Amino acid sequence: MGRPRKKGNLDVPTNLYRGDGKSWRYRHPITGKFHSMGIDRQKAFQAARKLNDLLIPEVD
């Protein structure tokens with residue numbers, strides 16, 4: 001199990017990370033490759049949540 005997120009990053013979706021400076025990067029859960037998501041925080045969060053829903057299977 002990994003370390004808990006810092007207080008400032010609690011709302012950041014899984015697999016979404018800060019890039020260089022202001023940009024956001026998404027790490028593909030299967031391949032591990034990083035993809036740029038741009039600098040707009042809201043758009044990056046929405047796209048990351050959609051990608052997580054598509055790429056990460058639900059576990060019951």
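This passage describes the strands, the helix, one loop residue and the nonpolar core of a predicted model.

The strands are considered before the parts that surround them. In the predicted model, 3 strands form an open sheet, in which the order is 1-2-3 and the pairing is antiparallel. The edges of this sheet are strand 1, which covers residues 16-18, and strand 3, which covers residues 34-38, and each of these edge strands pairs on one side only. With direction ignored, neighbouring strands of the sheet are turned against each other by 35° on average.

The pairing can be followed from one strand to the next. Strand 1 is joined by 3 bridges to strand 2, which is made of residues 24-27, and the two run antiparallel; within this pairing, R18 stands opposite W24 of strand 2. Between strand 2 and strand 3, which also run antiparallel, there are 4 bridges, and one residue pair that can be named here is R25 with its bridge partner S36 in strand 3. Strand 2 and strand 3 form a hairpin in which 6 residues lie between the strands, and in the turn G32 has a positive phi of about 80°.

The loop between strand 1 and strand 2 contains S23. This residue has a relative accessible area of 19%, and S23 is therefore counted as buried, since the cut-off for a buried residue is under 20%. The side chain of S23 reaches the backbone oxygen of D20 at 3.4 Å. When neighbours within four places in sequence are left aside, S23 is in contact with Y17, R18, G38 and I39.

Helix 1, which spans residues 41-55, lies across strand 1, strand 2 and strand 3, and its direction is at about 5° to strand 2. The contribution of this helix to the interior can be described through the nonpolar core. In soluble globular proteins, nonpolar side chains tend to be buried together. In this model, the largest nonpolar core has 7 residues in all, namely V12, L16, W24, Y26, A44, F45 and A48. Strand 2 and helix 1 are the elements that give two or more residues to this core, and helix 1 gives the most, with 3 residues.

One member of this core, A48, may be followed further through its contacts. Not counting residues up to four places away in sequence, A48 touches P13, L16, Y26 and M37. Of these partners, L16 and Y26 are themselves listed in the largest nonpolar core.

Technical notes
Residues numbered from 1 in each chain as written. Predicted model: local features only at pLDDT ≥ 70, side-chain atom pairs only at ≥ 80, totals over all residues. Heavy atoms only, no water. Pairing = 2+ DSSP bridges. Axes fitted to C-alpha atoms, helices over the stretch in contact; angles between N-to-C directions. Contact = heavy atoms within 4.5 Å. Buried < 20%, exposed > 50% of the residue type's maximum accessible area, 1.4 Å probe, protein only. Polar contact = N/O pair within 3.5 Å; in protein donor to acceptor, adjacent residues only side chain to side chain. Core = buried A, V, L, I, M, F, W, Y, C linked by side-chain atoms within 4.5 Å.
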